[in-house]
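The exercises below are meant to be worked with the sequence and the 3D view open side by side. Try each task before reading the solution that follows.

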Amino acid sequence: MSEAILALGSNLGDRPTNLRAAFDLLEELGATPTRVSAVWDTPPFPPDQPRYLNAVVAVETDLDPEALLAVAKEIEHLLGRRPTGRWRPRPIDIDLLFCGEREVATETLTVPHPRIAERAFVLLPLAEVLEGPLPVLGRSAVDFLEGLDTAGHERTGVRLRSSD
């Protein structure tokens, strides 16, 4: 078993239900959640679309990074995501941020996710799941947050699992 870190986001439909459904499907499809952040309500990028709900989940899995990406894409499809272009509204978005200390660079996957350091909507919940230095990157999420605009990013009362 190894640990992977996933980012979940939703800005179409019933956003809390979409996140909960993705969270539940992770375990069914081979990625057992071990730690989960709060759910954050965040501004969209680009700004001409609905706001997002975002969370970060640490999972234990026997899946290799490409297989875990395939699971993420399957969950997105099951929850209604269809190709609409980059940075467009979606019922669910699942990004693979880290796979332990592994670095992956293939045609379909780059780990660590290449834009983590630019995205407050990922770093804020990530800081709740990983307090120390981030795998491979060597700096904490809090360090990367310095200098980023966090205006309009708010923790919500939404929970992905009832025990949190």
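Two residues are in contact when heavy atoms of theirs lie within 4.5 Å. The model is a predicted one.

**Exercise 1. Overall build**

Task: Determine how many helices and strands the protein has, in what order they run, and how its radius of gyration agrees with that of a compact globule.

Solution. Begin by counting elements: the protein has four helices and eight strands. Reading from the N terminus, their order is β-α-β-β-β-α-β-β-β-α-α-β. Next, turn to the overall dimensions, where the C-alpha trace spans about 35 × 35 × 35 Å along the principal axes. A compact globule of 164 residues would have a radius of gyration near 15 Å, and because the protein has 15 Å, the two agree. Then consider the surface and the interior: about 8,100 Å² is exposed, with carbon and sulfur atoms supplying 52% of it, while buried residues make up 47% of the 164 residues. Finally, look at the contacts with a separation of 6 or more, of which 71% are between residues 24 or more positions apart.

**Exercise 2. The strands around β1**

Task: Find which strands pair with β1, and in which sense, and then locate the partners of Leu 8.

Solution. Start with β1 itself, which covers residues 2-10 and is mostly covered, seven of its nine residues being buried. Strand β4 (residues 52-61) runs antiparallel to β1 and is joined to it by nine bridges. Strand β5 (residues 93-99) also pairs with β1 in the antiparallel sense, here over six bridges. Now follow Leu 8, whose bridge partner in β4 is Ala 55 and which stands opposite Ile 94 in β5. A further pairing with β5 is that of Gly 9, which stands opposite Asp 93. To close, check the burial of β5: seven of its seven residues are buried, so this strand is largely enclosed by the rest of the structure.

**Exercise 3. The enclosed helix**

Task: Decide whether α3 is largely enclosed or open, and list the elements that its buried residues pack against.

Solution. The first step is to count, and since eight of the 10 residues of α3 are buried, the helix is largely enclosed by the rest of the structure. The buried residues are Ala 120, Val 122, Leu 123, Leu 124, Pro 125, Leu 126, Ala 127 and Val 129. The second step is to ask what covers them: they pack against β1, β2 (31-36), β3 (40-42), β4, β5 and α4 (141-145).

**Exercise 4. Two buried residues with ionizable side chains, and a distant neighbour**Task: For His 113 and Glu 76, find where each sits and which residues it touches, and then ask which residues Thr 156 touches.

Solution. His 113 is in the loop between β7 (110-111) and α3 (120-129), and because its relative accessible area is 13%, under the 20% cut-off, it counts as buried. Leaving aside neighbours within four places in sequence, His 113 is in contact with Asp 95, Leu 96, Leu 97 and Arg 119. Glu 76 belongs to helix α2 (residues 65-78) and is likewise buried, with a relative accessible area of 4%. Residues up to four places away not being counted, Glu 76 touches Arg 81, Ile 92, Asp 93 and Ile 94. Thr 156, in turn, lies in the segment after β8 (154-155) and, with residues up to four places away again left out, touches Val 39, Trp 40, Asp 41 and Leu 53. Thr 156 and Trp 40 are 116 residues apart in sequence, yet their C-alpha atoms are 5.6 Å apart in space.

**Exercise 5. Backbone geometry and rings**

Task: Locate the cis peptide bonds that join Phe 45 to Pro 46 and Val 111 to Pro 112, examine the phi of Val 136, and say where Arg 139 lies with respect to Phe 144.

Solution. Most residues other than glycine have a negative phi, and most peptide bonds are trans. The bond from Phe 45 to Pro 46 is cis, with omega near -10°, and Pro 46 is placed in the loop between β3 and β4. The bond joining Val 111 and Pro 112 is also cis, with omega about 0°, and Pro 112 is in the loop between β7 and α3. Val 136 has a positive phi of about 70° although it is not a glycine; this residue is found in the loop between α3 and α4 and, at 33% relative accessibility, counts as partly exposed. As for the rings, the structure holds zero aromatic pairs, but Arg 139 lies over the face of Phe 144, at 4.3 Å from the ring centre.

Key. Residues are numbered from 1 along each chain as its sequence is written. This is a predicted model: local features need pLDDT of at least 70, side-chain atom pairs count only at pLDDT 80 or more; totals for chains, interfaces and linings use all residues. Side-chain values use heavy atoms; hydrogens and water are left out. Rings of Phe, Tyr and Trp (its six-membered ring) pair if their centres lie within 6.5 Å; planes under 30 degrees apart count as stacked, over 60 as edge-to-face and the rest as tilted. A charge sits over a ring if NZ of Lys or CZ of Arg is within 6 Å of the ring centre and within 35 degrees of the ring normal. Buried means under 20% relative accessible area, exposed over 50%, partly exposed in between (1.4 Å probe, protein chains only). The radius of gyration is taken over C-alpha atoms; the globule rule is 2.2 Å times the number of residues to the power 0.38. Accessible areas come from the Shrake-Rupley method with a 1.4 Å probe; for residues, only the protein chains shown count as cover. Two strands pair if DSSP finds at least two bridges between them.
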